[in-house]
Amino acid sequence: MSTTPTAEERGSASGVARAIPARGWRAVFPPAQWLTGYQKQWLTHDAIAGVTLAAYGIPVSLAYASLAGLPPQYGIYCYLVGGLFYALFGSSRQLAIGPTSAISMLVGVTIAGMAQGDAGRWADIAALTAAVIAAMCLLAWLFRLSSLVNFISETILLGFKAGAALTIAMTQLPKLFGVKGGGHGFFESVAVLAGQLPDTNPVVLVFGLSALAVLLLGEKFLPGRPVALFVVVLSILALSLTPLGDLGFKVVGSLPQGLPEFRLPGLRLRDVDGVIPLAFACLLLAYVESVSAARALAQAHGDEIDPRQELLGLGAANLGAALFQAYPVAGGLSQSSVNDKAGARTPLALVFASLTIGLCLLYLTGMLYNLPNVVLAAIVLVAVKGLVNIGELRHVWRVSRLEFGVSMSAFAGVLLLGILKGVIVAVVVSMLLLIRRAAHPHVAFLGRIPGTRSYSDSERNPDNAPVAGALLFRVESSLLYFNVEHVREALWQKIRASNAALDLVVCDLSTSPVVDLAGARMLAKLHQELQAAGIRLRLVGAHAAVRDILRAEGLEESVGYFGRRITVADAIDEFDGGPTKASRA
């Protein structure tokens with residue numbers, strides 16, 4: 001039976017989502033919205049998707065828990081409680097919540113320096129981090145800060161993810177070769193692994209490469225299928241029923257049977273230094289990845305998500321992780337794609353996934369004893385492959401060398417400084433890039449478009465006709481305190497570079513929606529400087545709020561009327577045929 005939704009089903013689902021906007025408590029509790037339009041035939045699809053997601057999630061979560069430095073069952077707990085709590089507050093119908101490779105690695109390498117070798121303290125710090133993320137999500141929801149994530153550019157994330165993928169891969173390659181590994185940081189780990197290669201266990205290497213090949217083939221030819229589960233089962237059977245178990249394989253070992261206990265984090269914020277930066281970095285990664293995945297799936301189904309509501313969903317999922325022996329969770333595109341392709345119609349699929357995982361924890365944990373660690377390493381290596389987007393990196397290189405350089409700065413930051421500091425580098429570079437662009441807006445110098453009364457940027461349109469005796473410019477941004485000196489200097493550089501005598505400068509403010517007090521005073525100062533040089537300044541195209549502040553600063557009395565109907569063409573017509581020009585002639 002096909003699990004792909006029909007056009008009619010998609011229409012029904014999106015129709016429910018776009019019905020009368022919910023208000024009050026229903027607005028923050030999405031099940032009250034989608035349950036009212038739930039159709040009986042969706043139940044089978046959600047159940048199948050939930051079981052499929054569980055089959056995918058269990059082996060992946062075991063692998064990710066090793067990245068986080070935690071016992072394997074903690075990864076399973078992430079899937080068990082994360083999806084269940086997200087289903088209560090998330091706005092996406094197909095997003096699947098669980099541990100992710102980047103966050104698991106971030107948690108592992110950061111907590112390693114905080115836990116002081118104490119496994120219990122390690123788990124408590126991980127749970128405390130999830131609780132802090134939940135609190136941050138709630139505050140961000142209350143203060144409507146969901147749009148702040150847009151300040152982290154896709155270019156920065158492209159480089160960051162590539163660096164994170166290589167860093168994560170370096171933690172798994174020693175398991176693939178059957179050696180101990182070690183080292184702090186990417187380059188030291190490479191050197192340590194190179195020195196240990198003569199000690200490679202060939203049986204473990206061949207077994208791992210075989211698992212890797214099956215996983216890659218499954219990803220290509222059976223997308224959305226639980227191929228990882230198939231590999232896990234085969235590897236357990238191989239070690240249990242053949243002499244392979246005596247050839248140096250390290251295995252998962254015993255897992256505790258039963259559901260996780262309800263437990264408050266055993267530490268407080270004042271007990272651990274560095275939890276808040278770690279939680280912020282995890283939140284940044286989790287929210288960006290979750291919202292990106294949720295949007296991609298929603299667009300494919302004609303639905304919509306609420307980015308602000310996603311803060312509540314993500315916060316609820318991490319609160320559940322903090323209270324039930326797990327660590328920070330997020331929505332990932334890979335697990336969400338599995339959920340979607342398996343036929344999920346609503347978040348009820350996550351509930352079925354949690355029920356399936358719960359049954360496995362109650363009755364099937366003993367079967368995982370002989371699961372070899374090299375298979376978990378293979379699963380991680382295949383998963384992080386998707387973090388490196390070579391095609392997009394090439395595209396950025398072709399389109400903008402500056403953007404490519406920014407992306408590589410994030411890439412280098414992760415490799416040189418580690419994932420946590422790499423996140424901070426990515427944030428700082430994004431902010432610096434944003435500030436640089438805002439502080440250095442493009443100043444366009446205009447010419448007349450041939451055969452028209454319109455004017456455009458002469459640099460982009462060399463056939464534009466200059467206006468004799470006049471210089472026309474516009475700033476393609478608001479005029480604010482941090483960019484006014486750049487604008488003023490750009491104008492004077494153009495004036496000094498001009499060989500022709502100037503009688504008029506026209507400032508077109510149509511592309512400057514906001515002018516602050518510093519911008520108004522810069523224009524007043526510019527008028528005085530130009531007047532001293534025998535050049536007249538005219539202001540045209542100003543928006544209503546801009547005209548108000550300019551008039552309050554007295555510019556209309558000094559530079560002339562700049563009402564809403566005055567255009568660049570009007571100023572030039574006056575200059576060409578008006579009394580001022582005639583008197584100069």
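**Exercise 1.** In this predicted model, does Y74 count as buried or exposed?

*Solution.* Start with the cut-off: buried means under 20% relative accessible area. Y74 comes in at 11% relative accessibility, so Y74 counts as buried. Try the recipe on Y77 too: with a relative accessible area of 4%, Y77 is buried.

**Exercise 2.** Work out where Y74 and Y77 sit, then classify their ring pair.

*Solution.* First, place them: both are in helix α4 (residues 72–89), three residues apart, or about one turn of the helix. Next, count the ring pairs: the rule gives 12 aromatic pairs. Y74 and Y77 make one such pair, with 5.9 Å centre to centre and 50° between the planes, and that pair is tilted.

**Exercise 3.** What kind of pair do the rings of F186 and F187 form?

*Solution.* Grab the geometry: the ring centres are 5.1 Å apart and the planes meet at 85°. Planes over 60 degrees apart count as edge-to-face, so F186 and F187 are an edge-to-face pair. Now check the cover: F186 is buried at 14% relative accessibility, while F187 is partly exposed at 48%.

**Exercise 4.** Which residue lies over the face of W397, and which charged end sits over the ring of F445?

*Solution.* For W397, pick R401, at 3.7 Å from the ring centre. For F445, pick K494, whose charged end is 5.3 Å from the centre of the ring.

**Exercise 5.** Where is L142, and which surface patch does it join?

*Solution.* L142 belongs to helix α6 (residues 119–142). At 46% relative accessibility, L142 is partly exposed. Its patch is nonpolar, formed by L138, L139, L142, F143, L145 and L148, with about 570 Å² of accessible area together.

Key
Residues numbered from 1 in each chain as written. Predicted model: local features only at pLDDT ≥ 70, side-chain atom pairs only at ≥ 80, totals over all residues. Heavy atoms only, no water. Patch = residues over 30% accessible without salt bridge, like charges linked within 9 Å, V, L, I, M, F, W, Y side chains within 5 Å. Areas by Shrake-Rupley, 256 points an atom, 1.4 Å probe, with all protein chains shown as cover. Salt bridge = Lys/Arg side-chain N within 4 Å of Asp/Glu carboxyl O. Helix = DSSP H or I, 4+ residues; strand = E, 2+ residues; numbered from the N terminus. Buried < 20%, exposed > 50% of the residue type's maximum accessible area, 1.4 Å probe, protein only. Phe/Tyr/Trp six-rings, centres within 6.5 Å; stacked < 30°, edge-to-face > 60°. Lys NZ or Arg CZ within 6 Å of the ring centre and 35° of its normal.
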